[in-house]
Amino acid sequence: MRVFVLTGAGVSAESGLGTFRDPGGIWERFDPMKLATPEAFAADPERVHDFYNMRRRDLLASRPNAAHEALAGLEAGLAARGGRLWLCTQNIDDLHERAGSAFVHHMHGELLKARCTACGAVHAWREDLALATPCPGCGRSGGMRPDVVWFGEMPVGLEAIEDAIAESDLFVAIGTSGSVWPAAGFVEIARGCGVRTAELNLEPSDNARMFDERRYGKASDVVPAFVDGIMSGSV
Ligand code: OAD
C-alpha cells in the first residue's frame with residue numbers, strides 16, 4: 001500500500017507546541033502579518049527573529065508524542081511489505097524525524113535550519129538568530145533568516161507533492177485545519193486522482209466533507225489506532 005500523509009500543527013500539539021488557529025493559538029496571540037511575511041522581516045528583522053527564537057527554544061525543549069511515533073512505525077511497516085509512506089508536513093518542527101521517520105517533506109521549511117539571503121547557503125541551526133549573526137559560510141551578517149516558508153512565499157516541492165499524492169492508494173490528513181493553501185487543496189487533488197481519503201483531527205476541519213473517512217480525537221489516540229488499522233488491513 002502507498003500512503004500519503006499530510007500533517008499539521010495538531011500532530012505536535014500534545015508535544016507542547018501550540019497550534020495556530022485553536023482558541024489561544026499562535027495566530028491569536030501574535031499577528032502573522034508582522035511576523036511571518038518577507039515584508040515583516042524587511043521592516044523589523046529583530047522582531048521576527050525574536051518570534052522564531054522563542055519557537056526554536058520551545059521546540060528544543062519538546063519531545064515527539066505517540067502520533068509521531070506511530071507514523072514512524074507506519075513508514076517501517078509499509079516498507080517491509082513493499083509499500084511506502086510519503087510523509088508531508090506543514091510543521092517546521094523536527095518531531096517526526098526525532099520519532100524515527102526517515103523521509104519527511106517539510107513543505108513550510110524547517111525551524112532548525114537557517115538560510116543566508118546573501119549567499120543562499122542553508123545551515124543546521126539550534127541557536128538564536130539576530131540581525132548581527134554572521135553566515136558561517138560567507139561571513140556576511142544581516143542576511144541570516146530562519147529557513148521557513150512565510151506567507152507570500154512558495155511552499156517547498158509542490159510538484160513532487162502532487163506526484164506523490166497521485167501515486168498513492170490512501171491520502172490521510174492529520175491535525176490540520178484545512179484553512180491554508182495550497183495544503184488545503186491536497187484532498188481535492190487526491191479525490192481527483194481516485195485516491196481514498198481520510199481525516200484524523202481533534203474536530204471536523206474546514207474540509208471535513210471532502211474526506212471518505214473521518215476520525216476525531218487527540219492525535220496520540222487516533223493516529224496509533226488508525227496506523228494499527230492500516231497494518232492489520234482493516235482500513
Ligand atoms: P491550525 O492551527 O490551523 O490547525 C490545527 C488543527 O489541529 C485544528 O484543526 C485542531 O482542531 C487540530 N488539533 C488541535 N489539537 C489536536 C490534537 N491534540 N490532536 C489532533 N488534532 C488537533 O494548524 P495547521 O493546519 O497546521 O503556516 O496550519 C497550517 C499552516 O498555517 C501552518 O503550517 C502555518 C500556519 O500559518 C505558516 O506559518 C506559513
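**View 1. The ligand sits between two domains of this predicted model.** Both domain 1 (1–17 + 64–108 + 155–235) and domain 2 (20–61 + 110–148) contribute residues to the shell around the ligand, so the ligand lies between them. There are 24 residues around the ligand, and those that come nearest are Phe-20, Arg-21, Trp-27, Thr-176 and Ser-177. If you like to sort a binding shell by chemistry, here is the split: nine residues are nonpolar, ten are polar and five are charged.

**View 2. Polar atoms of the protein meet nitrogen and oxygen atoms of the ligand.** Which residue offers a side-chain N or O atom to a nitrogen atom of the ligand at 3.0 Å? That is Glu-14. Gly-175 takes part through its backbone instead, with an N or O atom 3.3 Å from an oxygen atom of the ligand. At Ala-219, a backbone N or O atom lies 2.8 Å from a nitrogen atom of the ligand. How much of the ligand does the protein bury? Taken alone, the ligand exposes 800 Å², and 94% of that is buried by the protein.

**View 3. The largest nonpolar core brings together 23 residues.** Within this core, the residues with the most contacts are Val-5, Val-172, Ile-174, Val-223 and Phe-226. Strands S1 (2–7), S2 (84–89), S7 (170–174) and S8 (196–201) each supply at least two core residues, and so do helices H5 (66–80) and H9 (219–232). Follow H9 in particular: the largest share of the core, six residues, comes from this helix.

**View 4. Ser-62 occupies the loop between helix H4 (45–60) and H5.** Is this serine, Ser-62, buried or exposed? Its relative accessibility is 5%, so Ser-62 counts as buried, the cut-off being under 20%. The side chain of Ser-62 reaches the backbone oxygen of Leu-59 at 2.7 Å.

**View 5. Leu-60 belongs to helix H4.** Leu-60 has a relative accessibility of 32% and therefore counts as partly exposed. Look across to Glu-127 as well: 67 residues separate Leu-60 and Glu-127 along the chain, while their C-alpha atoms are 9.9 Å apart.

**View 6. Pro-146 is part of strand S6 (residues 144–148).** The relative accessible area of Pro-146 is 0%, so this proline is buried. For a sense of scale, pick out Ala-80 too: Pro-146 and Ala-80 are 66 residues apart along the chain, and 36 Å separates their C-alpha atoms.

**View 7. A cis peptide bond links Trp-181 to Pro-182.** Omega for this bond is near 5°. It is worth pausing here, because most peptide bonds are trans. Where does Pro-182 sit? Pro-182 is in the loop between S7 and helix H8 (186–192).

**View 8. Gly-194 lies in the loop that runs between H8 and S8.** With a relative accessibility of 66%, Gly-194 counts as exposed. The C-alpha atom of Gly-194 is 8.3 Å from that of Ala-166, and the two residues are 28 residues apart along the chain.

Key
Residues numbered from 1 in each chain as written. Predicted model: local features only at pLDDT ≥ 70, side-chain atom pairs only at ≥ 80, totals over all residues. Heavy atoms only, no water. Near = heavy atom within 4 Å. Polar contact = N/O pair within 3.5 Å; in protein donor to acceptor, adjacent residues only side chain to side chain. Areas by Shrake-Rupley, 256 points an atom, 1.4 Å probe, with all protein chains shown as cover. Nonpolar A, V, L, I, M, F, W, Y, C, P; charged D, E, K, R; others polar. Domains from an automatic or database assignment. Core = buried A, V, L, I, M, F, W, Y, C linked by side-chain atoms within 4.5 Å. Buried < 20%, exposed > 50% of the residue type's maximum accessible area, 1.4 Å probe, protein only. Helix = DSSP H or I, 4+ residues; strand = E, 2+ residues; numbered from the N terminus.
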